[in-house]
Amino acid sequence: MKKILYLFLIFISFNSLSLELVQSTGSIDIKAPIDKVFDLVSSPMNDHLWRSEVNDMTTNNHSVEIGSWYREDAWIGIRRNFITTTEVIEVDPPYKVIFTTIEGSPYFLKSRRFFTEKSGVTTFTYIVDFDRRMIKETFGVNISPKIVMKLYKFQMKRYLKKLKKEFER
């Protein structure tokens, strides 16, 4: 009985320390070769071309490779200069690139960018997981994640359409 109680307490303690993540996903079909889409979208240095909230981006390496980091200054919610630094943790050109916040970051964020191609059309899928505590930090109040996700889903659709226009002009 003591072992069961001990294991239960460990389980409860571990889960209370775990992050509560919020996820947003968007996808769009682009009439362009996968290599061209990957070349532009895999590098956060190009995010200002399609993600409207990006104010500025800096990096330690203009090649997208494991260990490259990107410092993003973005206008999110009421925060005009919300700083997030991510690094490449996985890259498989031209199919995927994954970023997470660097060690010591106040909030966790993971960005996954996936690419597939069929008949000359590239499907770009963008998945962002972030620490729920970022909501209060960027909006000033604790808003329901469901409301934030509806707003962000709308925003994501807008900038994925903008990205598509970059290729289909």
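From the N terminus on, the elements of the protein follow the order α-β-α-β-β-β-β-β-β-α-α, which amounts to four helices and seven strands. The model is a predicted one, and its local features are reported for residues with a pLDDT of at least 70. Of the 169 residues in the protein, 38% are buried.

The largest nonpolar core comprises 27 residues, and within this core the most contacts are made by Val 41, Trp 50, Phe 124, Tyr 126 and Phe 130. At least two core residues are supplied by each of β1 (21-30), α2 (34-41), β6 (109-118), β7 (121-131), α3 (133-139) and α4. The largest share comes from α4, which provides seven residues of this core. Helix α4 covers residues 145-167.

Helix α2 also holds Ile 34. This residue counts as buried because its relative accessible area is 7%, and the limit for a buried residue is under 20%. Although Ile 34 and Val 121 are separated by 87 residues in sequence, their C-alpha atoms are 7.6 Å apart in space.

Side chains of opposite charge can pair when their charged atoms come close. A search of the whole structure finds eleven salt bridges. In one of these, the side chains of Glu 20 and Arg 132 meet with an N to O distance of 3.3 Å. This pair links distant parts of the chain, given that Glu 20 belongs to the loop between α1 (2-17) and β1, whereas Arg 132 belongs to the loop between β7 and α3, 112 residues apart. Both partners fall in the partly exposed class: Glu 20 has a relative accessible area of 47%, and Arg 132 has a relative accessibility of 28%.

A further salt bridge joins Arg 133 to Asp 131, with the closest N and O atoms 2.6 Å apart. The two partners of this bridge belong to separate classes of accessibility, for Arg 133 is partly exposed, with a relative accessible area of 46%, while Asp 131 is buried, with a relative accessibility of 2%. Asp 131 is placed in the buried class because its value of 2% lies under the 20% limit.

Glu 168 and Lys 164 likewise meet through their side chains in a salt bridge, here with an N to O distance of 4.0 Å. Glu 168 is partly exposed at 30% relative accessibility, and Lys 164 is also partly exposed, at 26%. Elsewhere, salt bridges that share partners join Asp 47, Arg 51, Glu 53, Glu 72 and Arg 113 into one network.

On the surface, a patch of positive charge is formed where Lys 153, Lys 157, Lys 161 and Lys 165 gather. Lys 153 is located in helix α4, the element that also supplies the largest share of the largest nonpolar core. With a relative accessible area of 40%, Lys 153 is partly exposed. Membership of a patch requires over 30% relative accessible area and no salt bridge, so the 40% found for Lys 153 satisfies the accessibility part of this requirement.

Technical notes. Residues are numbered from 1 along each chain as its sequence is written. This is a predicted model: local features need pLDDT of at least 70, side-chain atom pairs count only at pLDDT 80 or more; totals for chains, interfaces and linings use all residues. Side-chain values use heavy atoms; hydrogens and water are left out. Patches are made of residues with over 30% relative accessible area and no salt bridge: like charges are joined within 9 Å, nonpolar side chains (Val, Leu, Ile, Met, Phe, Trp, Tyr) within 5 Å. Accessible areas come from the Shrake-Rupley method with a 1.4 Å probe; for residues, only the protein chains shown count as cover. Lys and Arg count as positive and Asp and Glu as negative; His and the chain ends are not counted. The place of a charge is taken as NZ of Lys, CZ of Arg, CG of Asp or CD of Glu. Buried means under 20% relative accessible area, exposed over 50%, partly exposed in between (1.4 Å probe, protein chains only). A nonpolar core is a set of buried Ala, Val, Leu, Ile, Met, Phe, Trp, Tyr and Cys residues joined through side-chain atoms within 4.5 Å.
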